[in-house]
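The exercises below ask you to read a structure step by step, and each is followed by a worked solution. Try each task with the structure in view before you read on.

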Amino acid sequence: MVKSQVSEGSSRGGGIGRVTGGSLQLESLERHYGSIAAVAGVDLRVNSGEFVSLLGPSGSGKTTTLAIIAGLEKADAGRVVLDDVDITSWRPHKRNIGVVFQSYALFPHMTVAENLAYPLHCRKLDRKEIEGRVKWALGLVRLEGYEKRYPRELSGGQQQRVAVARAVIYGPRLLLMDEPLSALDRRLRDELQGEIRELHKNLGMTVVYVTHDQGEALSLSDRVVVMRDGLVEQVGTPQEIYDRPDTEFVARFVGNSNFLRGTLAGPADASGVARVHLPGGSVVLGVSRVPTNSGRDVQVLVRPEYLHVGEPNAASVGSSLQVRITDTVYQGSFVLCVGEFETGESCRLHLGREEAASLIRDGRGQVWWRPEDGVILPVQPNA
Amino acid sequence: MDRIGRIALWVVAAAVLAFLLAPAILVLPMSLNSSPFLVFPPPGYTFSWFGQFFASPEWMAALQRSGEVALGVVLLSVLLGLTAAYALTRSRRQRFMPLVEPLVTLPMIVPSLIFAVGVYIVAIRLHLLGGLWIVVLGQAVLAIPFVLLNLRAALQTIDPRLEEAAWTLGSKRIASFVRITLPLMVPALIASAVLAAVLSLDETVFALFMTPDTAPTLPVLMYRNIQYNLNPLVPVAAAVMVFATGLVGGVGGFAYWLARRRLGSGRGSASMLNQDLISQSTADEVASDGEVAGV
């Protein structure tokens, strides 16, 4: 497998060109440290060429999961299957998986070119082939002319690029990235995010990307895996994760939210919309994500930017509430209004400048949302 | 006030330096003493004792023996110290490590006389006396704590992820260690070798007990000469030892400096003697001359 990949690449003038990324399957993966389960049973399928992010707070098991895939950590139970081959017990050097470490892990005593050539030497490629590939990889990350530099002579962003180039130069079946941008400042991070997206698109590689930055996960991924306490909390496209969170944990971890507690008034209609009674007597609408067996105590989640000021449009009648504004923060592209709903629960609104004007002037007003923008979730006692 | 303080500091520093260096420097004029008795100051100077020293088969054999023993001690202690340091810093089975460290560094605390007597008693029982190799073994035990601490400090500054990265890139464990971690440890290895060599060259107590009567190392032969007939060759031997130690330190220091320069980065290069104290300043120094070193 490895060999054929390599020779295939050589016929294309040094680079590996576009490859068909491998497919990855994790089956009931577990990893325990003493009595603590770092990974407590993770199932996940990553399709060929897919970009999947593992998103979660520290201690959620995302990095451990990545280390198990790379073979740097042992799984206590479960299987890692790459291209239908069980690699669970393989040593890391046999797996043909590329890893970009958080600290980049560039070899400080080797030049950029030597760093890039390292995996090629391990594969015993001939000199010409190595030269061609190193050139190709440097072009890939736009670092032509940096061959002779040492890692310490590069900026953080350049080091990060070398680390990526080194992890893809041998055409691995899978690329793992462990918070590769977390050490960089915000501006550079945005820039490199774009580069990683492009690289993924151009190479067709399968990528598993670990991050605790929800914005990064949403903007880079085909699918996002939200992890919590060593388990998968939800898997979905960025839009599904943001607009249709399964749990309060996901809603709170990804983006900002307003929460309103209430009681479910009845089963959802054909389009999935249900009515919720709030303590003050008001009734609001949202798409129900409540499992049938979980009782009638629920909460309605509305993202701050889905709240509008004024009288609701015809389709949204029945989803309006009074709010009182206590603070206004100008954020550039929007105005953040903070206050509380008529129920006493705190509220955040992201409004356009004009929309915010009347609220700011009066300090109070009416807000509404479209039924499909509200999400009804079960109440989690532990979240 | 400030001025007086500064002068006082200089005086104290000079006094300490003199106290440390004077004995070593004093042997030089003594070894050139024209009198056959050890009188100071020497009435005149001559190189004849040096001539006698280098012509004496007894002294030359002792010098060679010391060299051989030192070489053996360096190889053994660095090899064992390296494996121990690696296990202490990188092993995933850390359960017994808290026990290993004090055990391995114990020889640093145990008085060498007690250690020597203990080994002597056991060695007599087992009929192990009579070879230089037991001196090598014993001195290596004495050197290992220093080597271990030095190498461990170096390993602690090398990111373990480097080796893991090498694994994922396709190289086996041993190859990764040899190609990634070991080159980064070269300065610390040199420093450790120098430490072990210097330690062995002037180690007397253990060697006194263990060396065969007919085959003493240089310090042992010196001691015997001092004990029975203080002859003018002893200061010559002392001068030769000072010179040899200086040579080892000098060559080692130069090699260390070269290796650090080549590596450029502060990583993995423990300072010659005390990693913790000096590492910060060397890191700064490296940061400032990194560009020069890299070109």
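**Exercise 1. Describe chain A as a whole, beginning with what share of its residues is buried.**

Solution. Of the 383 residues in chain A, 43% are buried, where a residue is buried if 20 or more other C-beta atoms, placed from the backbone, lie within 10 Å of its own. This is a predicted model, in which local features need pLDDT of at least 70 and side-chain atom pairs count only at pLDDT 80 or more, while totals for chains, interfaces and linings use all residues. Residues are numbered from 1 along each chain as its sequence is written, and chains are lettered from A and ligands numbered from 1 in the order in which they are written.

Next, count the elements: chain A has ten helices and 20 strands, which are DSSP runs (H or I of at least four residues for helices, E of at least two for strands) numbered from the N terminus. Finally, chain A is divided into domain 1 (2–243) and domain 2 (256–378), with bounds from an automatic or database domain assignment, and the centres of these two domains, taken over C-alpha atoms, are separated by 40 Å.

**Exercise 2. Determine how helices α6 and α8 of chain B pack.**

Solution. Two packed helices are described by the angle between their axes and the distance between the axes. Helix α6(B) (residues 133–156) and helix α8(B) (residues 173–201) have axes 9 Å apart and pack at an angle of about 160°, the axes being lines fitted to C-alpha atoms over the stretch in contact, with angles running from 0 to 180 degrees between N-to-C directions. That makes α6(B) roughly antiparallel to α8(B), since angles over 145 degrees count as roughly antiparallel, under 35 as roughly parallel, 65 to 115 as roughly perpendicular and the rest as oblique.

Now look at the contact (C-beta atoms, placed from the backbone, within 7 Å): among its residues are Leu142(B) and Phe146(B) of α6(B), together with Ala188(B) and Leu195(B) of α8(B). By class, the residues of this contact are twelve nonpolar, four polar and no charged, where Ala, Val, Leu, Ile, Met, Phe, Trp, Tyr, Cys and Pro count as nonpolar, Asp, Glu, Lys and Arg as charged, and the others, Gly among them, as polar.

**Exercise 3. Which helix supplies the largest share of the side of chain B that touches chain A?**

Solution. The contact takes 21 residues from chain B and 21 residues from chain A. On the side of chain B, α7 (160–169), α8 and α12 (275–294) each supply at least two residues, and the largest share, seven residues, comes from α7(B).

Key
Contact = placed C-beta atoms within 7 Å. Buried ≥ 20, exposed ≤ 12 C-beta atoms within 10 Å, placed from the backbone.
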